[in-house]
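I sat down with this model today and kept a running notebook as I went. Here are my entries, in the order I looked things up.

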Amino acid sequence: MAEPMVQYRSCNICEAMCGLIVTHDGSDVLSIRPDPDDPLSRGHICPKAVALQDFRTDPDRVTKPLLKRGTDFEEISWDEAYDHAAERIRAVQATHGQDAVAVYLGNPNAHKFGNMLNLPTLIKAIGTGNRFSSATADQIPHHVASIHMLGHPMLMPIPDIDRTDFLLIIGGNPVISNGSMMTAPGYGRRMDAIRARGGRVVVIDPRRTETAERAGEHHFIRPETDAWLILSMIHVILVDGPARLGHLAPLVDGLQALTDAVEPFTPEATAAATGIEAETIRRLARDFAAAPRAVCYARMGASTQSFGTLCQWAANALNIVTANFDAEGGAMFTTPALDYVGLTSRKGKARTYPERRSRVSGQPLYNGEFPVSTLAEEIETPGSGQIRALVTVAGNPVLTAPNGRRIERALTGLDFMMSLDIHVNDTTRHADLILPGTVALEEPMYDMVFHTFAVRNTVGFAPALFAPPHGNPSEWEVITRLAARLTGANHIGPAPEQVLGMLLPEGFHGDKVTLDGLRSRGRPMDLGPLVANLSDRLETPDGRLNLAPGAFLDDLPRLLALADHRDTSRPFALIGRRQVRSHNSWTQNSPRLVKGRNRCTVEVNPEDAARLGLSDGADVVVTSATGSVTLPVEITPAMAPGVVSIPQGWGQKNGRLSAATQTATVSINDLTDDSRTDPLSGNAAFNGLPVALHPV
Ligand SMILES: Nc1nc2c(c(=O)[nH]1)N[C@H]1C(S)=C(S)[C@@H](COP(=O)(O)OP(=O)(O)OC[C@H]3O[C@@H](n4cnc5c(=O)[nH]c(N)nc54)[C@H](O)[C@@H]3O)O[C@H]1N2
Ligand SMILES: Nc1nc2c(c(=O)[nH]1)N[C@H]1C(S)=C(S)[C@@H](COP(=O)(O)OP(=O)(O)OC[C@H]3O[C@@H](n4cnc5c(=O)[nH]c(N)nc54)[C@H](O)[C@@H]3O)O[C@H]1N2
Ligand code: SF4
Ligand SMILES: [Mo]
């Protein structure tokens, strides 16, 4: 056996970028351990990091290009695969027009810088306006808030949790997820530190989550009413006294419009909407405003709901009017080594938003992408612009998009579908052609996206550790070769590492961060805490910060008319949950991660369970307007009365995932409804879905 070698690299599964020490012998992993000296993660990892080796050796992994013949797949060569793909894509476009080929990009792309750098080339080569991604089942409300208030979708306020005195978490469970739009590995420890220095952490969630337990203070809220709560806090603060805008005061527009807008959101009216007592709302607002440094962070629970954009706007506004925006311990703007915002600057470019609306149901398009909620109807509905072919790259919408089985049915009617993926799963099994992807340890690691969202500026680079199987190309190369086949180009662009090498000197730390430097260092580097910088970075056409964008004010009547959609036929509100040992829909084939009891259960409050005669562990049928699933009940006081929770990512029915299919699990997205969206952003409104429960 070869001598053990060591590589320092960050994990790319979730947004936390934990620092790992990977010991290997050149062909196999010997161990994966946390790096105690990583400047961001400081020794934190979760069990998924150790599973990085499983994804590589997964016996069900796709490792050869696969072409469908009849109902089965046959291995073909890369050359045949590229030719076939280009031929079929162009054939569909020749008959039905450029937009007849759609593209869906999944979440893992954001974690692979080669894909991030090269996917635009492929999309341009295909030449379609029909683009979709998981962003509209996730965080597009954050981008829409940033676009309208600050002028750029990626100019993203990040909670400076390592220096705050008051952290208000609305609809996030970072102790499990390790944070999102807030890269903060070891969240529990970071929260403990806030409390240890005399600060406070408050969680607002219809489930008493692992984060709520550790925070010490938690309030149940009726799902989808968070915008009421936040606007009411602003109401209380602005009635008590003038807004404190701090150093941003000369740049802020719309304070009067905001003051007028929050007027109806009295604590009493808000108590009725949210289920949180008026006195609690007043106290929360006053304590937040009085804290030396405070930050409101609203995430998935507050984004993937009918008022997602209003929530993100309101959270920003609360931080702004309490002088906690672009200020230490508040919401701050990162200065990563690779300046994503700078690279895609919109300064001086006036644009209209939304950029377009979808053909069938008129949903908004932001960042060049239509809402994934519209994917099925765009495939099913005839007419000019109808989708007839689909290219997926690292995406699994059948399990991850609302009403996923409708998408699945629609996929069977396509003229052509191809996927770049590591698995034959419920989505990719409908493809005519599957190209094998590469897994983390086979790719160089630089995080192009999540440093932009990190609570501290750090940087690191690690080269690929192992070669992909069978001499396969790395994923960026597959993407660019396919693009070249489509355009007839006889060469492909520079390797991502080369591009990175050119971009780093242009970034915020170009004087000290170069690719060669990072390579020879071999370990991540600290670039310091977040710094105030927004005054120079606003990207709005007039260079000002818009506290009360018209589009958001116009949506307030809808919020004020908010009605409870639960009724006697569907008396419960369904929400989702995340779990430490699974990541979205694709890690469930690692035996080390799926072992143990079936975690795909519906959590129900004890009183509700007693009323319905449900017993712990027994199967129950959960029904929505869209579909129905049967799964075991887990009775727990962690659930608010009237609210039930099912974890996301499970429910693979077909495909070739042996470990994942050993226990029958269900997909929450067999229940979710693609007609429920946040109309401002088009984001899927997963949360608060009305459902009924019946014992089997
Ligand atoms: N109801 C409900 N639905 C949700 C959510 C929820 O909370 N509740 N969460 C939403 C969120 S936040 C997200 S981000 C989306 C995710 O939605 P998606 O991005 O559609 O799904 P993923 O589960 O991330 O799966 C990605 C696909 O990539 C493949 N894959 C994994 N690694 C690689 C790789 O390295 N290369 C390639 N080529 N392929 C790879 C997997 O096999 C899988 O097919 O789901 C959303 N859906
Ligand atoms: N272990 C693990 N980690 C992950 C992932 C994973 O699948 N597994 N996925 C990664 C991805 S892609 C993302 S985007 C992030 C997401 O990270 P988070 O934003 O932390 O997402 P969730 O854990 O889904 O937490 C959402 C919370 O909102 C609550 N909630 C639901 N509806 C409402 C509501 O109407 N109002 C309020 N206030 N709360 C509500 C839920 O109970 C839940 O606690 O996690 C990332 N990290
Ligand atoms: S929390 Fe787990 S999955 Fe996420 S980056 Fe850290 S080790 Fe990887
Ligand atoms: Mo996500």
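**Entry 1: the whole chain**

I note before anything else that this is a predicted model. I began with the overall dimensions. The C-alpha trace spans about 70 × 65 × 55 Å along its principal axes. I then checked the radius of gyration: the chain has 24 Å, and because a compact globule with 696 residues would come near 26 Å, the two agree. For secondary structure, I find 26 helices and 30 strands in the chain. Next I looked at burial, and 65% of the 696 residues are buried. I also looked at how far apart in sequence the contacts reach. Taking contacts with a separation of 6 or more, 75% join residues 24 or more positions apart.

**Entry 2: the annotated N-terminal span**

I turned to the UniProt record, an unreviewed entry, which annotates residues 3-60 as "domain: 4Fe-4S Mo/W bis-MGD-type". In the model, I see that this span is 17% helix and 31% strand. Its end C-alpha atoms lie 30 Å apart.

**Entry 3: ligand 3**

Which residues are around ligand 3? I list Cys11, Ile13, Cys14, Ala16, Met17, Cys18, Ile45, Cys46, Lys48, Ala49 and Asn178. I sorted this shell by residue character and got 9 nonpolar, 1 polar and 1 charged.

**Entry 4: ligand 1**

I moved on to ligand 1, which has 29 residues around it. Those that come nearest are Tyr104, Asn107, Thr400, Asp421 and Ser585. I followed up Asn107 and found one of its backbone N or O atoms 2.6 Å from an oxygen atom of the ligand. Ala394 also offers a backbone N or O atom, here 3.4 Å from an oxygen atom of ligand 1. From Glu475 I see a side-chain approach: an N or O atom there is 3.0 Å from a nitrogen atom of ligand 1.

**Entry 5: ligand 2**

How many residues surround ligand 2? I read off 35, with Ser177, Asp205, Asp226, Ser582 and Asn584 the closest. I picked Asn584 for another look: a backbone N or O atom of this residue lies 2.8 Å from an oxygen atom of ligand 2. A polar backbone atom of Ile204 is 3.1 Å from a nitrogen atom of the ligand. Gln648 takes part through its side chain, with a polar atom 3.0 Å from an oxygen atom of ligand 2.

**Entry 6: Arg676**

I wanted to know where Arg676 is found, and it is in the loop between strand E27 (643-647) and strand E28 (677-678). Is Arg676 buried or exposed? I count Arg676 as buried, because its relative accessibility is 13% and the cut-off for buried is under 20%. I then traced its side chain, which reaches the backbone oxygen of Asn687 at 3.0 Å. A polar atom of that side chain also lies 3.4 Å from the backbone oxygen of Gly688. Beyond its neighbours within four places in sequence, I find Arg676 in contact with residues including Glu224, Ser306, Phe686 and Pro690.

**Entry 7: His423**

My last stop was His423, in the loop between strand E18 (416-421) and strand E19 (433-436). I have His423 down as buried, since its relative accessible area is 3%. Leaving aside neighbours within four places in sequence, I see His423 in contact with Asp58, Asp60, Arg61, Val62, Thr428, Trp586, Asn589 and Leu657.

Conventions:
Residues are numbered from 1 along each chain as its sequence is written. Chains are lettered from A and ligands numbered from 1 in the order in which they are written. This is a predicted model: local features need pLDDT of at least 70, side-chain atom pairs count only at pLDDT 80 or more; totals for chains, interfaces and linings use all residues. Side-chain values use heavy atoms; hydrogens and water are left out. UniProt positions are given in the numbering used here, feature names are shortened, and annotations may be inferred rather than shown by experiment. Helices (H or I, at least four residues) and strands (E, at least two) are DSSP runs, numbered from the N terminus. A residue is near a molecule or strand if one of its heavy atoms lies within 4 Å of it. Ala, Val, Leu, Ile, Met, Phe, Trp, Tyr, Cys and Pro count as nonpolar, Asp, Glu, Lys and Arg as charged, and the others, Gly among them, as polar. Buried means under 20% relative accessible area, exposed over 50%, partly exposed in between (1.4 Å probe, protein chains only). A polar contact is a pair of N or O atoms within 3.5 Å; within protein, one must be able to donate a hydrogen and the other to accept it, and residues adjacent in sequence count only if both atoms are side-chain atoms. Contact means heavy atoms within 4.5 Å. The radius of gyration is taken over C-alpha atoms; the globule rule is 2.2 Å times the number of residues to the power 0.38.
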